[in-house]
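Here are a few exercises to work through with the structure open beside you. Try each task before reading its solution.

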Amino acid sequence: MSRRDEILASVKSVEAMPSAIQQALALLRDPDADMHELSRIIEFDPGLTANILRLVNSAYFGGLRTITSVREAVLRLGSSQVFHLLIAAGVAPRLRKEIKGYGLSPGMLLENSMVTAVAAESTARQLGFTAPEHTFTSGLLSNVGKIVLGTFLEVDAGPILELAEAEGLTFERAEEAVLGVSHDEVGAILLEHWGLPEAIVYVVRWRLKPDEAPQEDLALDLVHVGTALASMTGLGLGLDGLNYRPSRTVAQRLGLDLRGLELALARLMDDLGEVRELFA
Amino acid sequence: MANIVVSISDLKISQKPGDVLVTYSLGSCVGVAAWDPLTRAGGLIHCLLPLSTTAPERAQQNPYMFVNTGVGALLKALFRLGASRERLVLKAAGGANMRGEDPYSIGARNSAVLEELLARHGFTLAASEFGGTIPRTLTLFLDSGRVTVKTLGEEHEL
């Protein structure tokens, strides 16, 4: 078995998503589904319900509305937005643990993922775009492959870093060279395994290599820039550090110049405090 | 004695010998530590961006966000505590860049603006560590003026 196959096989052993989220995902895949069913599924899980209500009543996600039930949230924000918040609330706890292989102490992976998600949306606002609904959740999930690959990096981080330094490679290219697979691809495969929507899987799969993506995609471009901004802030960075390459093509496509990037960074810092509290 | 955390776009000053000022997660940002050996007054700033001209209204709200407005604020705060410009020891770290030809080079610009600003006002950095693609944690110990940089779990003197 190659190293790549060994890693991909280990994806299946990652703990499944909470049951309410699995049911919601099944609902989403069913073209005949009644989306009112979504609120019923969430309401069966009191912890998740409380988390969702916290999110939809926040200034960041809900715009300071007073929403007292999941049913009302679905009605006022739309089932699609509630669905994405549901995934965010469900996955965030998985991102809290220590990932030794990447030198991430507890909470750091979640921190970097939150910063990426907020940065993607700050960039959209700075440039006057409406970020697609799955942008935040895609950003939050963009690092999820590190959960799987972390175990392997406990052994192989040294050679990966040395290769990146010696040949000026980005971290994901060095991962590919040493392990046969990189954390972005593993993340996409894990999310596919969990049954997440293709739109999210697509962003996670290509966010470090947007120039190679088969199709242009606004959420992908935003999460790509969000990843770069998150690296620049230094927040929640592990041993991969800033070893990622921002795409000039994406910058041009978005019309993001240096000033726009600096203003997006400043804006990111405004929003981060609230989002951090929501996922704390 | 307290560990005082300096967050992004933040400045902390202390004159208590037991205090330790620390800023985590310097990516492209620059951190500047300043310490006066006589008064043992010290400060640490963590600047996100190089120049306030990018967003003057933000610089009004928070001058610490920018190198050109923040570092002056750090020095003035220490002068008010009796520090002198001749004695002040300045050390700085951060300014990392993305891999490859980083089209934005915020890190390189942050460190360049800092060095230019200090030179223009007759200050020199006693030590600095800029660039690369690594995040850094910068710590100033008020009792001795010791400054350390921690990166990838390894800590060393600056």
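Before we begin, one convention about residue classes: Ala, Val, Leu, Ile, Met, Phe, Trp, Tyr, Cys and Pro count as nonpolar, Asp, Glu, Lys and Arg as charged, and the others, Gly among them, as polar. Please also keep in mind that this is a predicted model.

**Exercise 1. The largest pocket**

Task: find the volume of the largest pocket, then describe its lining by position and by class.

Solution.
- Start with the space itself: the largest pocket holds about 550 Å³.
- Next, look at the lining, which is made of 25 residues. Nearest the centre of the pocket lie A:G103, A:M108, A:L237, B:T137 and B:G153.
- Now turn to the secondary structure. At least two lining residues come from each of α8 of chain A and, in chain B, β3 (20–26), β8 (136–141) and β9 (147–151).
- Finally, sort the lining by class: 10 residues are nonpolar, 10 are polar and five are charged.

**Exercise 2. The interface**

Task: work out how many residues of chain B and chain A are in contact, and which three residues of chain B supply the most buried area.

Solution.
- Count the contacts first: 27 residues on chain B touch 35 residues on chain A.
- Then take the area. The two chains bury about 2,500 Å² between them, and 64% of this is on carbon and sulfur atoms.
- Look for the main contributors on chain B: B:M98, B:R99 and B:Y104 account for 33% of the area that chain B buries against chain A, more than any other three residues.

**Exercise 3. Charged and polar pairs across the interface**

Task: how many salt bridges are there between chain B and chain A, and which residues does A:E165 join?

Solution.
- Begin with the whole structure, which holds 25 salt bridges over all chains. Between chain B and chain A the count is three.
- One of these pairs A:D270 with B:R58, at 2.8 Å from N to O.
- Another salt bridge links A:E165 and B:R99, whose closest N and O atoms are 3.1 Å apart. Because A:E165 sits in helix α10 (residues 145–167) of chain A and B:R99 in the loop between β6 (89–94) and α3 (106–120) of chain B, this pair joins two chains.
- Widen the search to polar contacts: chain B and chain A share 13 residue pairs of this kind, both residues at pLDDT 80 or more. On the chain B side that touches chain A, 15 residues are nonpolar, seven polar and five charged.

**Exercise 4. Enclosed spaces**

Task: which helix gives the most residues to the lining of the largest cavity, and which to that of the second largest?

Solution.
- Set the scene with the count: there are three cavities of 30 Å³ or more.
- The largest cavity has a volume of about 80 Å³. Of its 13 lining residues, A:N112, A:N143, A:T227, A:S231 and A:Y244 are the closest to the centre.
- In chain A, α8 (108–127) and α14 (218–233) each supply at least two residues of this lining, and α14(A) gives the most, with three residues.
- By class, the lining of the largest cavity has three nonpolar, seven polar and three charged residues.
- The second largest cavity holds about 50 Å³. Residues from both chains line this second cavity, including A:H224, A:R245 and B:M98.
- Here too α14(A) gives the most, with three residues. The classes are five nonpolar, two polar and two charged.

Technical notes: Residues are numbered from 1 along each chain as its sequence is written. Chains are lettered from A and ligands numbered from 1 in the order in which they are written. This is a predicted model: local features need pLDDT of at least 70, side-chain atom pairs count only at pLDDT 80 or more; totals for chains, interfaces and linings use all residues. Side-chain values use heavy atoms; hydrogens and water are left out. Contact means heavy atoms within 4.5 Å. Buried area is the accessible area (1.4 Å probe) that two parts lose on being put together, summed over both. A salt bridge is a side-chain nitrogen of Lys or Arg within 4 Å of a carboxyl oxygen of Asp or Glu. A polar contact is a pair of N or O atoms within 3.5 Å; within protein, one must be able to donate a hydrogen and the other to accept it, and residues adjacent in sequence count only if both atoms are side-chain atoms. On a 1 Å grid over the protein atoms alone, a cavity is a set of points where a 1.4 Å probe fits but cannot get out, and a pocket is an open set with protein on both sides within 12 Å along at least five of seven lines; lining residues have an atom within 4 Å of a point. Grid points are joined across faces, edges and corners, and a volume is the space filled by probe spheres set on the points. Helices (H or I, at least four residues) and strands (E, at least two) are DSSP runs, numbered from the N terminus.
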